[in-house]
Amino acid sequence: MRQQPMIRQTIVFAFLIASMLTFVAGAMAYVEQPVARQGVIDLRAVNWDEQQSVSLNGEWTFYWNQLQTPATIRERARSAQSSYKQVPSTWKDGATIHQSYPNHGYATYRLLLQLREEDVHKRFAIYMPSVATAYQLWINGELVEKNGVVGTSREQMVPKNYTKLIPFQSDRSQVELVVQVSNFVQRKGGLWESITLGPVEEIMLERDTKVLYESLIAGCLFLMGIYHFVLYLARKREKSGLYFSGMSIGISIRLLFLGETLAVRYFPQIPWEIGVKLEYLCASACMMFLALFVHSQYPLEFNRTIRNWLIKVGSVLVLFITITPAWIFTEAILIKEIYLVLCYCYVLYVYVHAVIRKRHGSLLNGFGLMLLFIASINEILFYANLSPFENGVAFSVLVFLFTQMINLSMAFARSFDHVERLSEELRKTNESLEQKVQQRTQALEGKNKELQMMQESRRRLLSNIAHELGTPLTSIQGFIKAMIDGVVKPNDPKYLSVIYEKTIYLHQIIKDLFELSKIESRQIRFHFQPIPLITYFHSLYEKHLLDMEKKDLHFVWELGSGMQPDDRLCIIADPLRVEQVVVNLLTNAQRYTPAGGTISLRIDSELGPDGTGRAFVEIRDTGLGIDSENLPFVFERFFKVSDARKARAGGGGGLGLTISKEIIQYHQGDIWVESTLGAGSTFSFSLPVKRMQTTTEPIEEGRVS
Ligand code: ADP
């Protein structure tokens, strides 16, 4: 994309250089032409082998308001009122050199051609261009061509206007041309375009070249127009295609009625009036389309109000041309020309602005318009006989429209690129959306499973609670009923103490449940603080030593191999909660270890090079142990190994280990058990630990590591 301006600049320079070279070459090839003086043109200096054609320009003998024939001219040679008239020029033009006449009227032109003797009997041809608006031609006294019907009033004449090629052979060196012309139907009258003479093959070649050139340009313009019209039909929102096609087709139709008047040549039945109307209509309509098109290309540079005014004035012109006859609307040509020039100047101004503001393609457009401008000036110079180049406007129009087409196509290509990019982005977004949906669905499914599991565990919990609370309640009920029924004595201390123990048990379960639910729902706030590892656990050991000894149990304090008594290791923990865990584990060990057994409290640690790691606390007993079937479930709620054993050891409600596990996990630690039935159990837990530089190092509350 970044290379585009470079390519465009190269094209622009190539065009500029090519046009300059063509101009210079043309000017060099421009040969001095013979000019008619006082009704005679001397062609004896012309070498027809070198020069292909000669324009019969200059002073023709002129009989105003007289329809003379070669015969009448000879008869009344002296009496006929004649003057000289510049050809090419309209009757009204040329007032500075010769007399000026009204454009409506009739007249006879006469020119004598002086040929070299060796050119006598040579096959020549005269090329008659557009003559306004009917004529008949005599060569050496013989009527050789008619175009329309010459008459002395609008009613008597029939206008016709298309180019003709008239071959002839002269048997003398002086050739007489007599042309009768009449015009009552349009603004211009007379021989207003150059008549050309040359060897018949050359003139035919010149004409064929012109026909080919004009057909090619008209064809190209027409195709460009149709192409963009079809594009517009496919995408009606993009109006620039419609304006462009209107402009191209309009210009191509107009071209068919100008120059070689190809339309009339191939369809002679087209009335002259319709042809002129179409030509004028196309010119005005094209300008309107140009205004609309340029506005659509550069909406910021093209003032909307001016555009609307140009369209309004153009529409009035179109209406005027449509409803009035040619002899009226051709008179209003000045208004049309002013309109076209204004339009043109404003478009030029817009392009200059667009180039200054570096709008897309403005340089190429500006170049096309500049070429058209140069060609228009050249056309004026050509008709003033100051430039050798004929008919450059058609070509420059083609170049101009071609530059527009390149821009339009580039704009289309850009739009497609943009759409492609957007589609790609959309596709990617869709893909990532799908991925997101999948992820969310998976997350939702996970949550759903979690919810189902929670539901299930809640259900189990409720049934456990019902069972755990129901069993002691039933036995309390049974004892009280037995007392009421008189089966046992109401104040029997044995039964009363059983009832009392059951209520203590119930109270314990309710208390544990309450605590567990608070820990699980994080309602209990933990107060984390650095606790010196060895000192803290040793103080717990000392606290329980007496109690153990009372129960005839050996209580041993052990330090692991990775520990030294002066280690400045600290766990970051809530001391009360960790104590709760240790007490629970020690109580269980006491409960399930017969008298004479050994219980040990062992501390160890593993540290990384950064001074952080884990502390391990181990409570080992030589008690009953747990069989491997039950071992995986000891941390579950309400899990108790067996009623018989419990009866022997006097267990709790099966919530102690669950609470311990929750507390340790809250500290980002782990808890686990190893046990052999009959040999004893080892309950261990780990906690994050770090070596402190100073004991007063600040700790974020709620954070363990
Ligand atoms: P309880 O309050 O009933 O002791 P716990 O959750 O503390 O509940 O323990 C769950 C079960 O794990 C106990 O019922 C007991 O059977 C078993 N248990 C716990 N600690 C030991 C131990 N040190 N030795 C043998 N069994 C144990």
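**Notebook: strands, a helix and a ligand shell**

I began at Phe-616, which has Ser-686 of β18 standing opposite. Worth keeping in mind throughout: I am looking at a predicted model.

From that pair I followed the two strands along. β16 and β18 run antiparallel to each other, and I have nine bridges down for them. Then I checked the other pairing of β16. Strand β15, residues 598-607, is joined to β16, residues 612-621, by nine bridges, again antiparallel. Which residue of β16 stands opposite Arg-602? I found Glu-618 there.

Next I looked at how β15 gets to β16. The two make a hairpin, and four residues sit between them. Gly-611 is in that turn, and I noted its positive phi of about 85 degrees.

Next entry: the ligand. I looked up its surroundings and got 21 residues, with Asn-588, Arg-591, Asp-621, Val-641 and Leu-657 coming nearest. Sorted by class, the shell has nine nonpolar, eight polar and four charged residues.

Which elements supply at least two residues each to this shell? I have α14 (575-591), α16 (656-666) and β18 (680-691) on my list. α14 gives the most, four residues.

I then went through some polar atoms around the ligand. The side chain of Arg-591 has an N or O atom 3.0 Å from a ligand oxygen. Gly-654 uses its backbone instead: an N or O atom there is 3.1 Å from an oxygen of the ligand. For a ligand nitrogen, I noted an N or O atom in the side chain of Ser-681 at 3.4 Å. How much of the ligand does the protein bury? Taken alone the ligand exposes 530 Å², and 97% of that is buried by the protein.

Last entry: an open sheet elsewhere in the chain. I read its four strands in the order β2-β11-β6-β9, with antiparallel pairing. Why do β2 (54-55) and β9 (164-169) each have one side without a neighbour in the sheet? Both stand at the edges with a single partner strand, so nothing in the sheet flanks the other side.

I also checked how β2 is attached. Two bridges join it to β11, residues 196-199, and the two strands run antiparallel. One of the pairs I can name is Ser-55 with its bridge partner Thr-196 in β11. Helix α3 (residues 200-234) packs on this sheet, and I saw it touching β6 (123-128), β9 and β11. The direction of α3 makes about 120 degrees with that of β11.

Notes: Residues numbered from 1 in each chain as written. Predicted model: local features only at pLDDT ≥ 70, side-chain atom pairs only at ≥ 80, totals over all residues. Heavy atoms only, no water. Pairing = 2+ DSSP bridges. Contact = heavy atoms within 4.5 Å. Axes fitted to C-alpha atoms, helices over the stretch in contact; angles between N-to-C directions. Near = heavy atom within 4 Å. Polar contact = N/O pair within 3.5 Å; in protein donor to acceptor, adjacent residues only side chain to side chain. Areas by Shrake-Rupley, 256 points an atom, 1.4 Å probe, with all protein chains shown as cover. Nonpolar A, V, L, I, M, F, W, Y, C, P; charged D, E, K, R; others polar.
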